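This report describes how one protein chain is put together. Please have the sequence and the model open while reading.

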Amino acid sequence: MRAIGFEENGGPEVLRTVEVPNPDAGPGEVLVRVAYAGVNYAEVQHRLGDFGPPDPLDIPGMEASGHVAALGENVSGLAVGDPVAVYLPDGGGYAEYAVAPARFAFPLRTSLGEIDLRTAGGVALVLPTAYGVLAGAARLRPGDSVLIHAVAGGVGSAAAQIARALGADTVYGTVGSSDKAEYAKRFGYDAVFPREDFLGAVRDATGGRGVDVVLDPVGGPTRLASLEVLAPFGRVAFYGEAARHPDLNLPLLPLWKNNRALTGYTIGDVSRRAPDVLRTHGLAALELVASGSVHIDVTDILPLAAAAQAHERMQAGRNVGKTLLAV
Ligand SMILES: NC(=O)c1ccc[n+]([C@@H]2O[C@H](COP(=O)([O-])OP(=O)(O)OC[C@H]3O[C@@H](n4cnc5c(N)ncnc54)[C@H](OP(=O)(O)O)[C@@H]3O)[C@@H](O)[C@H]2O)c1
């Protein structure tokens, strides 16, 4: 089959088209004929080497949509030909066929209607993450106020809408550039601020109280400033290092003295240690898509062979919404 892979870490140019044998579905797995693969920041970091070197050829891609092509042993509830969105914890989505754990294959025919393959190409990593950060890590409660960083991107734009669906009262966002602020307004924010001076803007907007929850996939100074805008008993839920800053070494006393909490989310760990929770979050979020409460904004569809171009744009921070590769 045709796939996009890399044999060394580096810039987008290390991604190249390769011919590899079709993968097989083992016990508890499904083989999917891929229609669309979502492009995610995690795959940029994978290529750059943040998760280690390739072994020996890595095929990136943590989410895809398509039809079930074969079932491994001990798989129930799915049939060959079913349309699904798959979360791929070990990558492999930038390819004609991908193998996913069956519990992370989300049926697109839901009780509320069928989700199309195009939309579904950008959901299986994004939705469980956005839902899990809010409901799991941040313990969002109805009436909470929320601030979401990098809100024009894949996880950010979904998280804004899921926060509303879970009962958030006020939802603010930050973005890295003014054109993204204009774009992000379509997701129903109360306000979108430039990230460089969000601290003062959030304090002004909340009359000095701050917010109950901050979602931070950026890190570094953004994470430090996020702690400063928490209302009493507020939570900063962090789930990424998009700016690739060195890790922070923080004293704990300020958490105690200011009634603050820091909480983390990593989908890989949830997939290994609480796979049923991941499935529950994914299914709940997909129902929100099927019901129309959450819109996945596919802004760009490139051919599989143009994966490097998609990576280049994302690494430079120029993407908005969801970018897909059509396989
Ligand atoms: N923990 C998990 O399980 C998990 C799962 C999925 C995703 N994530 C994380 O969630 C975040 C969003 O992922 P995504 O795939 O949806 O990507 P995305 O938001 O569509 O794109 C990445 C965004 O990061 C922001 N960014 C901040 N600093 C940047 C820098 N120095 N270079 C490039 N971009 C920068 C940019 O937004 P601005 O222009 O607004 O700065 C950019 O649009 C990433 O940090 C990712 O690692 C975590």
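The text below goes through the domains, the nonpolar cores, the salt bridges and a few single residues.

This is a predicted model, in which local features need pLDDT of at least 70 and side-chain atom pairs count only at pLDDT 80 or more, while totals for chains, interfaces and linings use all residues. Residues are numbered from 1 along each chain as its sequence is written, and side-chain values use heavy atoms, with hydrogens and water left out.

**Domains and their interface**

The domain assignment gives domain 1 (2–123 + 296–326) and domain 2 (126–268); such bounds come from an automatic or database domain assignment. The C-alpha centres of domain 1 and domain 2 are 27 Å apart. Where the two meet, 19 residues of domain 1 are in contact with 15 residues of domain 2, contact being heavy atoms within 4.5 Å. About 1300 Å² is buried between domain 1 and domain 2, and carbon and sulfur atoms give 55% of that area. Buried area here is the accessible area (1.4 Å probe) that two parts lose on being put together, summed over both.

Between domain 1 and domain 2 there are 10 residue pairs in polar contact, both residues at pLDDT 80 or more. A polar contact is a pair of N or O atoms within 3.5 Å; within protein, one must be able to donate a hydrogen and the other to accept it, and residues adjacent in sequence count only if both atoms are side-chain atoms. On the side of domain 1 that touches domain 2, helix 1 (residues 41–48) gives the most, with 3 residues. Helices (H or I, at least four residues) and strands (E, at least two) are DSSP runs, numbered from the N terminus.

Helix 1 has Glu43, Val44, Gln45, His46 and Arg47 as its buried residues. Buried means under 20% relative accessible area, exposed over 50%, and partly exposed in between (1.4 Å probe, protein chains only). The cover over the buried residues of helix 1 includes strand 3 (29–38), strand 4 (63–71) and helix 11 (307–315). Gly49, just after helix 1, has a positive phi of about 105 degrees.

**Nonpolar cores**

A nonpolar core is a set of buried Ala, Val, Leu, Ile, Met, Phe, Trp, Tyr and Cys residues joined through side-chain atoms within 4.5 Å. The largest one has 56 residues, and Tyr87, Leu127, Ile148, Val151, Ile162, Tyr189 and Leu215 are those with the most contacts inside it. Helix 3 (residues 126–137) supplies the largest share of this core, 7 residues. Domain 1 and domain 2 each contribute at least three residues to this core. Ile162 touches residues including Leu127, Ala130, Tyr131 and Leu134, and also Ala285, Leu288 and Val294, when residues up to four places away in sequence are not counted. A second, separate core has 21 residues, among them Leu15, Val44, Leu302 and Met314.

**Salt bridges**

A salt bridge is a side-chain nitrogen of Lys or Arg within 4 Å of a carboxyl oxygen of Asp or Glu. The whole structure holds 17 salt bridges, and 2 salt bridges are found across the interface of domain 1 and domain 2. Three pairs are listed here.

| Pair | Closest N to O |
|---|---|
| Arg244 and Asp50 | 2.5 Å |
| Arg223 and Glu241 | 2.6 Å |
| Arg273 and Asp269 | 2.8 Å |

Arg244 lies in the loop between strand 14 (230–238) and helix 8 (253–257) and Asp50 in the loop between helix 1 and strand 4, so this pair ties together parts 194 residues apart in sequence. Arg244 is partly exposed at 41% relative accessibility, and Asp50 is partly exposed at 34%.

Arg223 is buried at 4%, whereas Glu241 is partly exposed at 24%. Arg273 and Asp269 both lie in helix 9 (residues 267–273), 4 residues apart, which is about one turn of the helix. Arg273 is exposed at 67% and Asp269 is partly exposed at 29%. Elsewhere, Asp82, Arg109 and Glu114 are linked in a network of salt bridges.

**Two buried residues**

Lys322 is in strand 17 (residues 322–326) and is buried, with a relative accessible area of 3%. Leaving aside neighbours within four places in sequence, the contacts of Lys322 include Asn40, Glu63, Asp297 and Asp300.

Gly153 lies in the loop between strand 10 (145–148) and helix 4 (154–165) and is buried at 15% relative accessible area. From Gly153 to Phe187 the C-alpha to C-alpha distance is 11 Å, with their positions 34 residues apart in sequence.
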